[in-house]
Amino acid sequence: MFFLFCETLTLLLKAVHVRRNGGASLRLPPVAEEPIPLEAREKLIARVNRITSFFSGQSRHACWYRSFPLAVLLRRRGLAVQLNIGLMGFGPGQNERGHCWLSLNGEVLNELDDVSSAAYPDFLGENGLGVAFWVKTGQGSYMSSRLG
């Protein structure tokens with residue numbers, strides 16, 4: 001448990017660094033060969049959620065600070081989770097909002113927030129390093145004005 005605590009804290013620090021640098025260094029580790037059993041996965045998720053919620057507290061970016069460390073830890077333990085980043089209202093003069101969540105084989109994993117991943121229906125692409133990008137386009141959004 002102590003090792004997991006230290007490993008999660010280290011990943012939280014990396015999450016702060018990545019967020020402050022605009023995601024330029026955003027990459028997830030390769031997936032380990034042997035996946036952990038379901039019971040061990042559930043314990044890991046619960047423990048990491050507890051650790052990250054203590055440190056992210058009332059942060060507006062709690063989903064990021066929960067999802068990034070968990071994605072790294074699960075991939076190191078053999079699960080090919082994907083970190084999803086959804087944006088809405090981005091661009092010049094827009095109020096940027098977003099959400100992060102994990103998925104495994106296309107199924108949402110560990111979604112704790114009231115904001116649903118369904119709020120970001122338009123797939124932009126993947127970076128080839130375990131991260132997918134989504135956006136909500138629509139009336140008055142930056143993307144729809146660029147696309148249409």
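Colleague: Which residue in β3 is the bridge partner of leucine 104?

Modeller: In this predicted model, leucine 104 has glutamate 107 in β3 as its bridge partner.

Colleague: How do you know that β2 and strand β3 pair, and in which sense?

Modeller: Three bridges are found between β2 and strand β3 (residues 107-109), in the antiparallel sense. Pairing requires at least two bridges, so the two strands qualify. They form a hairpin with two residues between them.

Colleague: What is unusual about the phi of asparagine 105, and where does the residue lie?

Modeller: Asparagine 105 lies in the loop between β2 and β3. Its phi is near 55°, a positive value in a residue other than glycine. Most residues other than glycine have a negative phi.

Colleague: Why does asparagine 105 count as exposed or buried?

Modeller: The relative accessibility of asparagine 105 is 72%. Exposed means over 50%, and therefore asparagine 105 counts as exposed.

Colleague: Asparagine 110 also has a phi to consider; what is its value, and is the residue buried or exposed?

Modeller: Asparagine 110, in the loop between β3 and β4 (122-126), has a positive phi near 65°. Its relative accessible area is 16%. Buried means under 20%, so asparagine 110 is buried.

Colleague: What makes strand β2 mostly covered, and why is glycine 98 given the class it has?

Modeller: Six of the eight residues of strand β2 (residues 97-104) are buried, and the strand is mostly covered. Glycine 98 lies in β2 and has a relative accessibility of 41%. That value is neither under 20% nor over 50%, so glycine 98 counts as partly exposed.

Colleague: Which residues does glycine 98 touch, not counting residues up to four places away in sequence?

Modeller: With those sequence positions left out, glycine 98 touches Gly86, Leu87 and Tyr120. The C-alpha atoms of glycine 98 and alanine 119 are separated by 9.5 Å, and the two residues are 21 residues apart along the chain.

Colleague: With which strands does β1 pair, and how do you know the sense of each pairing?

Modeller: Strand β1 (residues 82-88) and β2 pair in the antiparallel sense over seven bridges; glutamine 82 stands opposite serine 103 in β2. Six bridges join β1 to strand β5 (residues 131-136), and these two run parallel. In that pairing, isoleucine 85 stands opposite phenylalanine 133 in β5.

Colleague: How many bridges are there between β4 and β5, and what lies between these strands?

Modeller: β4 and β5 pair over four bridges in the antiparallel sense, with aspartate 122 opposite valine 135 in β5. Their hairpin has four residues between the strands, and glycine 128 in the hairpin takes a positive phi near 80°.

Colleague: How do you know that α3 has the span expected of its residues, and why do the values agree?

Modeller: At 1.5 Å a residue, the 15 residues of α3 should span 21 Å. The end C-alpha atoms of α3 are 22 Å apart, and so the span agrees with the expected value. α3 is mostly covered, with 14 of its 15 residues buried. Glycine 78, which follows α3, has a positive phi near 95°.

Colleague: How does the reach of helix α2 compare with what is expected, and what covers its buried residues?

Modeller: Helix α2 (residues 38-56) has 19 residues and reaches 26 Å from its first C-alpha to its last, close to the 27 Å expected at 1.5 Å a residue. Its buried residues include Arg41, Leu44, Ile45 and Val48. Among the elements that cover the buried residues of α2 are α1 (2-20), α3 (62-76), β2 and β3. Just after α2, glycine 57 takes a positive phi of about 50°.

Colleague: What lines the second largest pocket, and which classes do the lining residues belong to?

Modeller: The second largest pocket has a volume of about 150 Å³. Its lining consists of Leu9, Leu12, Leu13, Val16, Phe55, Ser56, Ser59 and Tyr65. The elements that give two or more residues to this lining are α1 and α2, and α1 gives the most, with four residues. By class, the lining has six nonpolar, two polar and no charged residues.

Note on methods: Residues numbered from 1 in each chain as written. Predicted model: local features only at pLDDT ≥ 70, side-chain atom pairs only at ≥ 80, totals over all residues. Heavy atoms only, no water. Buried < 20%, exposed > 50% of the residue type's maximum accessible area, 1.4 Å probe, protein only. Expected span 1.5 Å × (residues − 1). Contact = heavy atoms within 4.5 Å. 1 Å grid on protein atoms, 1.4 Å probe; cavity = no way out; pocket = protein on both sides within 12 Å on 5 of 7 lines; lining within 4 Å. Points joined across faces, edges and corners; volume = space filled by probe spheres on them. Nonpolar A, V, L, I, M, F, W, Y, C, P; charged D, E, K, R; others polar.
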